[in-house]
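Here are a few exercises to work through with the model open beside you. Try each task before you read its solution.

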Amino acid sequence: MQARRGRRVPSLRALPFLFIVAALLGLLPLLHSHGLQHMLTSEPPYRDPAVLSAIEPGDVTAAPPDVSQEIRPLTNHSSPGHSKPRKAFPVLGIDYTHVRIPFEISLWILLACLMKLGFHVIPSVSNIVPESCLLIVVGLLVGGLIKGVGESPPILKSDIFFLFLLPPIILDAGYFLPLRQFTENLGTILIFAVVGTLWNAFFLGGLMYAVCQISGTGLNHIGLLANLLFGSIISAVDPVAVLAVFEEIHINELLHILVFGESLLNDAVTVVLYHLFEEYANFDQVTVTDIVLGFLSFFVVSLGGVFVGVVYGVIAAFTSRFTSHIRVIEPLFVFLYSYMAYLSAELFHLSGIMALIASGVVMRPYVEANISHKSHTTIKYFLKMWSSVSETLIFIFLGVSTVAGQHYWNWTFVISTLIFCLIARVLGVLGLTWFINKFRIVKLTPKDQFIIAYGGLRGAIAFSLGYLLDYEHFGMRDMFLTAIITVIFFTVFVQGMTIRPLVDLLAVKKKQETKRSINEEIHTQFLDHLLTGIEDICGHYGHHHWKDKLNRFNKKYMKKCLIAGERSKEPQLIAFYHKMEMKQAIELVESGGLGKIPSAISTVSMQNINPKALPVERILPALSKDKEEEIRKILRNNLQKTRQRLRSYNRHTLVADPYEEAWNQMLLRRQKARQLEQKMNNFLTVPSHKLDSPTMSRARIGSDPLAYEPKSDSENLPIITIDPASPQSPESVDLVNEELKGMSRLPPSPEEEEEEGLVMHVKESSSPGTDDVFTPGAGDSPSNQRMMRCLSDPGPRPDPEEGEPFIPKGQ
Amino acid sequence: MGSSNSMPEEIQELADKTGFTLEQIEHLHRRFKQISGDQPTIRKESFDRIPDLEFNPIRSKIVRAFFDKRNLRQASVGLTDEINFEDFLTIMSYFRPIEMNMDEEQLDHFRKEKLKFLFHMYDSDNDGKITLHEYRKVVEELLSGNPHLEKESARSIADGAMMEAASICVGQMEPDQVYEGITFEDFLKMWQGIDIDTKMHVRFLNMEPIAHCH
């Protein structure tokens, strides 16, 4: 399996790059018309005017020098091909300008990816220093290198940042937002995001103004509005930085969602304040009307953003209802609609981040129910891939831009900014939690408050906003940028590096690495209903009451409209159960043997918990119907896959998705399974002799790398044996089954018709009570780990198409 | 006792017993009278007056919990027919949020109390164990909002959950070993992942009397 996976790596790697590059390239003209002109761009490193005119004036990144070095040998090679006077047909020509932009973009992305890769190769470094810090250092080095060679390094341009780099990260965050925790703490998050950010902005702005007035160190020309603008830029907690650091420290969910939620939702405040002060700074006088309008615009920006997001989210959900025939483009709808939501919001200067989050949150449950399992995996992988590449690029460019940008270092300004930033954050958090704790049932402890205050990292959004400032109106832009970069570096390096030891030192509750068990799901749902009931009884229309109302509305109308087919009626518990079963089955296939089912379920059989059950039930595995079906599906799927590769490739269609089939035919199959059970029982009454010793079955399936190894120490147990050594018939599952039937070495019996490639053997007639279903999972801890991995990645791992393991950000 | 809110000592006594504030008791008393229709006691039928409760899939379990003597701390078994205001408050007190000034021991006790209440809701036959049968019933009820659903799937979920519970609580089992049901200790174990003290609570303040409730 490993070898096969390894072989496929290059093509897999190339695909995403091409994709991003294509996307970036395709959007370049748009960027062009968007007013890159008025932005300060770093000088293109090419001094040749002819070359310069050939390329687009607003190029995305200036070339790092190694590019030109790399192509130099090529030039030499090609020169013999040219004969100067007579213009012969150029056998080998060079036209770098033709490919320059995509070439450079891919080069940067490649650099980012290689860096990320490199950090994981040396684990000792990344244990101490967060990845974001390392990336910034790399950026600094690269920038220094470029500068040392005499070129001018590129600067993280605001448009690139806001239009291309930021959206993937936010969509990833929004799509996989832990909704339950988020809504449960929404009040607190909103207060931190809105009031906290406002407080930070005004406190900082005001104090900085005071500093500018008194110190008399040449800062007198900076007015109050400019200072407030600066305050509003620097005061917002940055989602990218927070994510990068918090994912590594594995803090408990409450703190994570509080800080992260704040960083997401404060976008609206930042956008409004930014535009407000930028506008006002040009006015001579600010009237009360202006302030009122500014206040109004906050609501418009935030609610408008959410509205745009919800609209696109609903459209996306509705679209996904009809994609069942063209599965390949399913993931694209999710990306496109969310991106459209972001752009549409930005179009009106609404909060794009809010729009993106809203659309992700709204579309997810419906889209997930509609699309195929593979599409879901694709979405997951693409989002994670995009966001981690974006994040890496952002940090690298932050470093490069630091070297590249012009700086104006003013000790008073920078140091007081840093100090006031920290003071404002601490005071804000303390004050607000004091207020919030009056209403919260789960109070925020002093430790929590400390982490919230300490986790207020600043990042690239502040830098980009600062970069956006107009030089004409804000002559002190360079000084602002220097101060912003200092604050960013301080928070990312000092706070980011010390937060992990501090978390350990303070013994802040960490995230519990729990897999969600079916019991917990039942209990949670039970508790939800109970609390709703109690709220109704005591007449308090609280959280649970409204949630219940919303759920009912969702079930009654939304799901019907937005989800196709049977699954719209599927209650949450069933859906959860199916998902879990699926994971276990996949897990099972992954672990390479039925003997080692990682799930806890495997160690106990129906017999153990229900001795009163009929003998019919006794014999068959626990969880029989569903589990069997799932396993069977997965196994068959795997068989099929070996075959699929032989199939002629068609760009527009995917082979019928066996998972889909599994979902849809669940009910039908269950029926079948029951029949099987009956027949099986008949069959089992006749003791069959040992047909398949484990070694034999292993030999038989040895040809397939995904072979199953029934555990040998389970002599008395019914063993599910799979026989993948089936001929290369690409046609259909049924055909496979037919053939499997032929291969099966059981005495021919009618029940095989139902078995679909899964053959059950019972070695001896079992004495009552000695039949366990599956053997106890011996290697529990490694399989648990695998389970965790599987939870974060429900994709069908052994699928060669998707088999490339995803490396999560926080490793 | 139901109409006793005119006597401050008695309210104070109730407050001490149940941990509610006077204000909360007043609120709850108003609500109690609404449900009981100004009677001193509540009977099972009284809960029909709460329209919102009708849609609750575990309605019968909730109502039953109010009359469970184990929850009322009266006896270890059986149901009463009617409860008075004090009993009502006792039940409600299971849903009080934790307080800041509780020490570890109190917290633990508080947590256990809440879980006991839940456990009693699952364990309908008082034998101290949630048997497979009872568990199946619970899951069936949870899914009862969906009429299209087969009983079969509810059963298989319950079976799966039970097996999971057995393997969590007992670990490896011999084939002839029998796991009779989830005991309270096992129940505690299973709830470890869910922060019960941060979840199982209802806000009792700011309650407005509901107009459409007779």
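A residue counts as exposed when its relative accessible area is over 50%, as buried when that area is under 20%, and as partly exposed in between. Keep in mind that this is a predicted model.

**Exercise 1.** Work out how the rings of A:F318 and A:F322 meet, and class each residue by accessibility.

*Solution.* Start with the wider picture: searching the whole structure turns up 29 aromatic pairs over all chains. In this pair, the ring centres are 5.2 Å apart and the planes stand at 80 degrees. Planes over 60 degrees apart count as edge-to-face, so that's the label for A:F318 and A:F322. Now accessibility: A:F322 has 52%, so it counts as exposed, while A:F318, at 40%, is partly exposed.

**Exercise 2.** Do the ring geometry again for A:F489 and A:F493, then place the two residues in their helix.

*Solution.* The centres lie 5.7 Å apart with the planes at 50 degrees, so call this pair tilted. Both residues belong to helix α21 of chain A, and because they are four residues apart, about one helical turn separates them. A:F489 has 17% relative accessibility, so it goes down as buried. Over in chain B, ring pairs join B:F32, B:F66, B:F85 and B:F88 into a cluster.

**Exercise 3.** Find the relative direction of α20(A) and α21(A), and say which residues make the contact.

*Solution.* The helices, residues 460–468 and 477–506 of chain A, pack at about 180 degrees, and their axes are 9 Å apart. Angles over 145 degrees count as roughly antiparallel, so that's how α20(A) and α21(A) run. From α20(A) come A:A462, A:F463, A:G466 and A:Y467; α21(A) brings in A:R477, A:L481, A:I484, A:I485 and A:I488. Sort them by class and you get seven nonpolar residues, one polar and one charged. Two of the contact residues also meet as charge and ring: A:R477 lies over the face of A:Y467, 4.9 Å from the ring centre. Elsewhere in chain A, the charged end of A:R364 sits over the A:Y175 ring, 5.6 Å from its centre.

**Exercise 4.** Describe the surroundings of A:I394.

*Solution.* First, locate A:I394: it's in helix α17 (residues 373–404) of chain A. Its relative accessibility is 0%, so it is buried. Next, skip neighbours within four places in sequence; the contacts are then A:L156, A:F161, A:L165, A:I169, A:V240 and A:A460. Finally, check A:G459: it is 65 residues from A:I394 in sequence, yet their C-alpha atoms are 9.3 Å apart.

Note on methods. Residues numbered from 1 in each chain as written. Chains lettered and ligands numbered in written order. Predicted model: local features only at pLDDT ≥ 70, side-chain atom pairs only at ≥ 80, totals over all residues. Heavy atoms only, no water. Axes fitted to C-alpha atoms, helices over the stretch in contact; angles between N-to-C directions. Parallel < 35°, antiparallel > 145°, perpendicular 65-115°, else oblique. Contact = heavy atoms within 4.5 Å. Nonpolar A, V, L, I, M, F, W, Y, C, P; charged D, E, K, R; others polar. Phe/Tyr/Trp six-rings, centres within 6.5 Å; stacked < 30°, edge-to-face > 60°. Buried < 20%, exposed > 50% of the residue type's maximum accessible area, 1.4 Å probe, protein only. Lys NZ or Arg CZ within 6 Å of the ring centre and 35° of its normal.
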